[in-house]
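Look at the sequence and the fold below before reading on. The paragraphs that follow take up cysteines, aromatic rings, charges and strands in turn.

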Amino acid sequence: MVTSRPEIVGTFGIVTTTHWLSTTVGMAILERGGNAFDAAVAAGCVMHIVEPEQNGPGGDVPIVLWSAQNQKVEVICGQGVAPAGATAAKIKALGFDMMPGIGHIPAVVPGSFGAWMLLLQEYGTMSVRDVLSPAIEIARNGFHVKPEVALTLRNLNSFFKEHWPSSAAVYLPDGQVPEADSLLALPAQAETYARIIREAEAAGGSRDRQIEAARRAWYEGFVAEAIDAFFRQPVMDTSGEAHAGFMTGQDLANWRATVEEPISARYHDYEVFKPGPWAQSPVMLQQLTLLKGFDLDAMDPAGADFVHTVQECAKLAFADRDSFYGDPKFADVPIRVLLGEEYNAERRKLVTSTASLELRPGMIGNFGGGIPQHALGSTKMAHRDVLAGADEECPRTYAQYVARKHGDTCHLDIIDKWGNMVSATPSGGWLSGSPVVPGIGIPVSVRGQMFWLDEGHPNCIEPGKRPRTTLTPSLATRKGVPYIAFGTPGGDQQDQWSLHAFLRHIHHGLNLQEAIDAPSFYTKHLASSFYPREWAPGHLAVESTFSAETLAELDRRGHRLEIHGRWEHYNSVTMATKSGRILRAGASPRRMQSCAIGR
């Protein structure tokens, strides 16, 4: 099969990420003697700079890893929590009936930096200077402006200048929208990282001591102080009014990234490991459990039977996601039941030869079933331009599509010569989510938009609670041996697109690049995790590279098709494997920026 690019094969190390600069920086760290975890920190911090419409230094990141030294899979939670002053009652009292999508109100503690420092301290070998210097250099010297970044900023130009002047000062240099293919420098973000290095090195002592000093500079020092001061000032949000935020410096000081046990599910010869139900991650595991009851080996990976079966199982698993998931520190999430064979044997009976047009969450005891439902296009909102773009400027192409939606996500997968493996999904801190904090040059994650305001729902906002996110890196063993790290950006589609590539690889023998290139599909037949939380019954988006016969059969089965051009989906799956000494990697062609390299 001819692929969009070669599957990368090597023995020394492989790095695959959603931006070529992150990939090359990660590989440079490996070449300098760093391990996969050092490389992940450096690559992740570069992503925060070069993909500002997808993530930022003030965002979130879950990390799943295999440590050759510890000989086990672990998860680092870099998901920040709701401020201590944020409650559903207070937010409703401001006139909101659902969490807003932008501004100060949905902000959570920015968790990425703490997670990267924990990864570096506990698993890495390099210094703070080693891993932050590439990001500083790129932010100071400038990076290539992608067409979608230029278009995003063009759509936000007026809003920034009128309502978020601190963002205009950073992203609209000299008051002008950066042109595509120009260079954009972010000196304020470079200085924030540089000051962190100075404070870390001023602490002296061991590597661990300097890493801890860097963490304190962020969560107890100048970064926290700047956030505290700014969040007292009202800023414009989704409502069309300006509101102050709940975040304080104390909220940052009270939070730390943590190492957690993963959850997992066995699927034939594989065991797939994911973060817990504070992310959507278990939804992939439930899809796999449901799919055990079908003979996927016998299905054409680009045929209607495969797409229909996978899609209908996804609808059931995502309905359970939206009914049951939440931060397990606050909610009793019945994960063992949701991933158990007995429960899914009953759920599997709901899969028929026609497409379901209903949201069908299960019931476990007296729990489940209740999902607030908002039809697609039913929500009235002020400042639709921030969330959806200006329609007259956005014909239906990939770049315009990105500019019309909320910020999204990045991803990286890295394996080194020692067998360390890491998969991470940086996100949040989007330039379109919240205004830049003056003095540090970064927006803060608005991941709190994923909370509900429905008291009694496991994902209802509470002080100190993690929102149930969409971020979901993956790692799997094969016959007990660490084999694959994989993932993608894409919000609610993350555990659809990465699952499809995984299934096509293990069931149909497609190599990593073939599995990634294969025709893509996804559904919005679920309660969107993002404001305004709408859903589209029976929706099935497909790429036009499926055969006419497949598309006709899917239509006959009742799927409401939305047909996109070749590689128009945001699907940006990256995958990396280790089999003996042989390392392999692939990266999606769909954003024309994902890149895999190795030697």
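The structure holds 0 disulfides. It is a predicted model, and every value here is computed from it. A disulfide is a covalent bond between the sulfur atoms of two cysteines. To count as one, two cysteine sulfur atoms must lie within 2.5 Å of each other. Why does Cys460 have no such bond? The closest cysteine sulfur, in Cys77, is 19 Å from the sulfur of Cys460, which is too far for a bond. Cys595 is in no disulfide either, since the nearest cysteine sulfur belongs to Cys410 and is 14 Å away. Cys460 is buried, with a relative accessible area of 5%. Cys595 also counts as buried, at 18% relative accessibility, because the limit for buried is under 20%.

Next come the aromatic side chains. The structure holds 14 aromatic pairs. One of them joins Phe113 and Trp218: their ring centres are 4.7 Å apart and their planes meet at 15°, so this pair is stacked. Planes under 30 degrees apart count as stacked. Phe113 belongs to helix H4 (residues 112-123) and Trp218 to helix H9 (residues 207-219), so the pair ties together parts that are 105 residues apart in sequence. Both Phe113 and Trp218 are buried.

Tyr270 and Phe502 give a pair of another kind. Their ring centres lie 5.7 Å apart with the planes at 80°, so the pair is edge-to-face. Tyr270 is in strand E11 (residues 270-274), while Phe502 is in helix H18 (residues 494-508), so parts that are 232 residues apart in sequence are tied together by this pair. Tyr270 and Phe502 are both buried.

Phe113 and Trp218 also appear in a wider group: together with Tyr219 and Trp255 they form one aromatic cluster.

Aromatic rings can have charges over them as well. Which ring does Arg195 lie over? Arg195 lies over the face of Phe222, 4.0 Å from the ring centre. In a second case, the charged end of Arg566 sits over the ring of Trp567, at 3.9 Å from its centre.

Finally, consider two strands and a helix. In which sense do strands E19 and E20 pair, parallel or antiparallel? Strand E19 (residues 539-543) and strand E20 (residues 560-564) pair in the parallel sense, over 5 bridges. Within this pairing, Ala541 stands opposite Glu562 of E20. Helix H20 (residues 548-556) joins E19 and E20 in making a right-handed β-α-β unit. In a regular strand the side chains alternate between the two faces of the sheet.

Conventions:
Residues are numbered from 1 along each chain as its sequence is written. This is a predicted model: local features need pLDDT of at least 70, side-chain atom pairs count only at pLDDT 80 or more; totals for chains, interfaces and linings use all residues. Side-chain values use heavy atoms; hydrogens and water are left out. Buried means under 20% relative accessible area, exposed over 50%, partly exposed in between (1.4 Å probe, protein chains only). Two strands pair if DSSP finds at least two bridges between them. Helices (H or I, at least four residues) and strands (E, at least two) are DSSP runs, numbered from the N terminus. A crossover is right-handed if, with the strands pointing away from the viewer, the path from the first strand over the helix to the second runs clockwise. Rings of Phe, Tyr and Trp (its six-membered ring) pair if their centres lie within 6.5 Å; planes under 30 degrees apart count as stacked, over 60 as edge-to-face and the rest as tilted. A charge sits over a ring if NZ of Lys or CZ of Arg is within 6 Å of the ring centre and within 35 degrees of the ring normal.
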